[in-house]
Amino acid sequence: MVPAQFAVAERRQETSDTWTLQLRCAGEGLAFAPGQFTMLSAFGAGEVPISISGDPAAGGPLVHTVRAVGLATTAICKAEPGAVLGVRGPFGRPWPVEELEGRDVLVVAGGIGLAPLRPAILALLARRERYGRLSLLYGGRSPEQLLYTEELERWTARGLEVSLTVDGAGPEWIGHVGVVGRLVQRARFQADTASALLCGPEVMMRFTALALQRAGLDGDRVYASMERNMQCGIGHCGHCQLGPTLICRDGPVYRWSELERWLAIREL
Ligand SMILES: Cc1cc2nc3c(=O)[nH]c(=O)nc-3n(C[C@H](O)[C@H](O)[C@H](O)COP(=O)(O)OP(=O)(O)OC[C@H]3O[C@@H](n4cnc5c(N)ncnc54)[C@H](O)[C@@H]3O)c2cc1C
């Protein structure tokens with residue numbers, strides 16, 4: 001429960017409300033699996049769960065991409081190089097990247113949801129030859145709200161088929177307009193064996209999972225990362241309960257076939 005002290009080494013603004021922080025500690029770096037999160041704290045402001053968005057194979061600094069939505073996340077985003085933040089973790093069940101070998105993989109992200117998926121994308125691309133067709137379907141509110149836009153080009157060059165969509169844009173936008181779930185119809189994948197990784201607002205994941213199921217992808221092969229208010233991060237406090245599970249301990253990554261029955265219950 002005691003946070004380790006990490007100093008902000010670098011801070012980069014991604015969008016109007018989102019920053020990527022590189023954090024370093026005095027000892028060894030933090031080994032993690034794609035999809036895991038830390039409990040990140042700005043002293044005096046609060047502690048919140050934030051997914052690790054760095055490269056799992058790179059070692060080096062701990063990377064987090066944070067959207068300023070409230071007290072704690074705003075204080076974290078404002079932390080200048082040299083400032084000290086608290087880190088507990090890594091926690092949680094990761095994306096099953098190795099289980100997906102040999103298959104087509106669709107990565108579907110909405111908004112800040114690309115941050116928890118970035119380590120999975122980097123892990124897939126690091127062993128590109130072990131997978132079938134790799135696609136990223138990514139949606140944001142506007143072109144300015146899309147994350148990692150320079151990197152998207154590098155990922156394309158490494159064999160990821162990237163499709164972008166936004167809710168609204170000016171005439172200069174040449175990508176799609178509309179919800180990300182609609183891109184499923186256009187994506188190319190072997191439906192009877194492909195898998196999908198989803199992260200974004202819950203409503204986006206529901207519609208995308210539905211679209212994937214209609215396209216023939218079984219809910220057992222669709223994985224989603226869930227968010228709920230979380231406090232301890234280690235399965236003690238019960239704040240993040242979802243059905244019979246605790247998201248911090250049993251998630252945040254679940255099979256859609258597990259989630260479906262709980263999400264059908266209003267306000268669970
Ligand atoms: C496993 C996990 C991974 C996450 N990864 C990231 C990440 O990589 N980057 C990132 O920016 N955010 C991430 N979040 C969301 C982040 O934890 C919340 O935005 C944060 O807790 C808000 O705290 P606050 O004190 O800044 O805002 P608060 O003042 O607590 O809340 C501000 C607003 O955000 C809503 N909110 C608060 N907590 C959550 C939550 N957990 N889920 C959804 N809405 C919430 C509140 O209802 C309120 O409307 C993740 C959450 C979880 C559970």
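Here is a chat between a colleague and a modeller about the predicted model shown above.

Colleague: Before we start, what do I need to know about this predicted model?

Modeller: Residues are numbered from 1 along each chain as its sequence is written, and side-chain values use heavy atoms, with hydrogens and water left out. Since the model is predicted, local features need pLDDT of at least 70 and side-chain atom pairs count only at pLDDT 80 or more, while totals for chains, interfaces and linings use all residues.

Colleague: Let's go to the ligand, then: which residues are closest to it?

Modeller: A residue counts as near if one of its heavy atoms lies within 4 Å of the molecule. By that rule 19 residues surround the ligand. The closest are Pro-49, Ser-51, Thr-65, Arg-67 and Thr-73.

Colleague: How far is a backbone N or O atom of Pro-49 from an oxygen atom of the ligand?

Modeller: Polar contacts here are pairs of N or O atoms within 3.5 Å; within protein, one must be able to donate a hydrogen and the other to accept it, and residues adjacent in sequence count only if both atoms are side-chain atoms. Ser-51 has a backbone N or O atom 3.0 Å from a nitrogen atom of the ligand, and a polar backbone atom of Gly-70 is 3.3 Å from a ligand oxygen. For Pro-49, the backbone atom and the ligand oxygen are separated by 2.7 Å.

Colleague: Is Thr-73 buried or exposed?

Modeller: Thr-73 sits in helix H1, residues 71-78 (helices, H or I of at least four residues, and strands, E of at least two, are DSSP runs numbered from the N terminus). Buried means under 20% relative accessible area, exposed over 50%, and partly exposed in between, using a 1.4 Å probe and protein chains only. Thr-73 comes out at 9%, so the word for Thr-73 is buried.

Colleague: Which backbone nitrogen does the side chain of Thr-73 reach?

Modeller: Contact means heavy atoms within 4.5 Å. Leaving aside residues up to four places away in sequence, Thr-73 touches Val-48, Ile-50, Val-66, Arg-67 and Ala-68. Its side chain also reaches a backbone nitrogen at 2.9 Å, that of Val-69.

Colleague: On to charges: which residue meets Asp-17 in a salt bridge at 3.9 Å?

Modeller: A salt bridge is a side-chain nitrogen of Lys or Arg within 4 Å of a carboxyl oxygen of Asp or Glu, and the structure holds 13 of them. Asp-17 is in the loop between strands E1 and E2, and its partner is 124 residues away, in the loop between strand E8 and helix H3. Asp-17 is also in a network of salt bridges that includes Arg-67. The partner at 3.9 Å, N to O, is Arg-141.

Colleague: How many residues apart in sequence are Glu-161 and Arg-133?

Modeller: The closest N and O atoms of this salt bridge are 2.7 Å apart. Glu-161 lies in strand E9 and Arg-133 in the loop between H2 and E8, so the pair ties together parts of the chain whose separation in sequence is 28 residues.

Colleague: How many disulfides are there in the whole structure?

Modeller: A disulfide is a pair of cysteine sulfur atoms within 2.5 Å. For Cys-240, the nearest cysteine sulfur is that of Cys-248, 3.7 Å away. Cys-240 is buried at 3%, and Cys-248 is buried with 3% as well. The search of the whole structure gives a count of 0.

Colleague: Why are the buried residues of H6 on the same side?

Modeller: In helix H6, residues 256-263, the buried ones are Trp-256, Leu-259, Trp-262 and Leu-263. What covers them includes helix H4 and strands E12, E13, E14 and E15. They share a side because the arc they cover around the axis, taken from the directions from the helix axis to the C-beta atoms, is only 125°.

Colleague: Last one, on the backbone: which residue does a cis peptide bond join to Gly-89?

Modeller: One cis bond runs from Gly-251 to Pro-252, with omega near 5°, and Pro-252 lies in the loop between helix H5 and E15. The bond at Gly-89 has an omega of about 10°. Its other residue is found in strand E6, and that residue is Pro-90.
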